[in-house]
Amino acid sequence: MRAIPPSESLIEYPSDFPIKVMGPTHEDFAPTIILVVQKHDAEFHEGRLEVRPSAKGNYTGLTCTVRATSREQLDALYTELSAHPMVKIVM
């Protein structure tokens with residue numbers, strides 16, 4: 001992936017950036033995702049997390065609002081979340 005110069009980026013750093021994560025409903029889903037996000041944003045906490053169950057309750061959607069400090073940070077977070085076995089979709 002080519003580096004995007006700061007002048008071409010659509011995101012100003014630092015800024016709050018929402019990341020949506022979906023996975024099967026499980027009691028450990030949100031706590032597990034919080035731990036992954038905290039590796040990339042040490043200040044992330046439960047108060048910056050929104051939890052929404054799907055209509056039938058089979059899936060849980062999380063919106064994690066992270067403090068984005070760089071494109072590299074966001075790329076690393078997306079990569080780790082996408083590779084996690086509990087995660088189906090990251091947006």
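How far apart should the end C-alpha atoms of H2 be, at 1.5 Å a residue? With 13 residues, H2 should span 18 Å, and its end C-alpha atoms are indeed 18 Å apart, which agrees with the expectation. The model discussed here is a predicted one, and its protein chain contains 2 helices and 4 strands, which follow one another along the sequence in the pattern β-α-β-β-α-β. The points below begin with the whole chain and then turn to its core, to helix H2 and to a few single residues.

**The chain as a whole**

- The radius of gyration of the protein chain is 14 Å, which is close to the 12 Å that the globule rule gives for 91 residues, so the chain is as compact as a globular protein of that length.
- Taken along the principal axes, the C-alpha atoms of the protein chain fill a box of roughly 45 × 25 × 20 Å.
- Of the 91 residues in the protein chain, 32% count as buried, while the accessible surface comes to about 6000 Å², of which 57% belongs to carbon and sulfur atoms.
- Among the contacts in the protein chain with a separation of 6 or more, 69% are made by residues that lie 24 or more positions apart.

**The nonpolar core**

- The largest nonpolar core holds 20 residues, and those with the most contacts inside it are Ile-19, Val-21, Ile-33, Leu-62, Val-66 and Leu-81.
- At least two residues of this core come from each of strand S1 (15-24), helix H1 (29-40), strand S3 (59-68) and helix H2 (71-83), and H1 gives the most, with 6 residues.
- Leu-81 touches Ile-19, Val-21, Ile-33, Val-36, Val-87 and Val-90, when residues up to four places away in sequence are not counted.

**The two sides of helix H2**

- In H2, the residues Gln-73, Leu-74, Leu-77 and Leu-81 are buried, and they cover an arc of only 95 degrees around the axis, which puts them on the same side of the helix.
- A general rule helps in reading this pattern: an α-helix has 3.6 residues a turn, so residues three or four places apart point the same way.
- Glu-72, Thr-79 and Ala-83, by contrast, are exposed on the other side of H2.
- The cover over the buried residues of H2 includes S1, H1, S3 and strand S4 (89-90).

**Two glutamines**

- Gln-73, which is found in helix H2, has a relative accessible area of 12%, and because buried means under 20%, this residue counts as buried.
- Not counting residues up to four places away in sequence, Gln-73 touches His-40, Asp-41, Arg-67 and Ala-68.
- Gln-38 has its place in helix H1 and, at 30% relative accessibility, counts as partly exposed.
- Leaving aside neighbours within four places in sequence, Gln-38 is in contact with Phe-44 and His-45.
- Gln-38 and Ala-83 are 45 residues apart in sequence, and their C-alpha atoms are 16 Å apart in space.

**A cis peptide bond**

- Tyr-13 and Pro-14 are joined by a cis peptide bond, for which omega is about -10 degrees, and Pro-14 itself lies in the segment before S1.

Definitions and conventions: Residues numbered from 1 in each chain as written. Predicted model: local features only at pLDDT ≥ 70, side-chain atom pairs only at ≥ 80, totals over all residues. Heavy atoms only, no water. Core = buried A, V, L, I, M, F, W, Y, C linked by side-chain atoms within 4.5 Å. Buried < 20%, exposed > 50% of the residue type's maximum accessible area, 1.4 Å probe, protein only. Contact = heavy atoms within 4.5 Å. Expected span 1.5 Å × (residues − 1). Arc of directions from axis to C-beta. Rg over C-alpha atoms; globule rule 2.2 N^0.38 Å. Areas by Shrake-Rupley, 256 points an atom, 1.4 Å probe, with all protein chains shown as cover.
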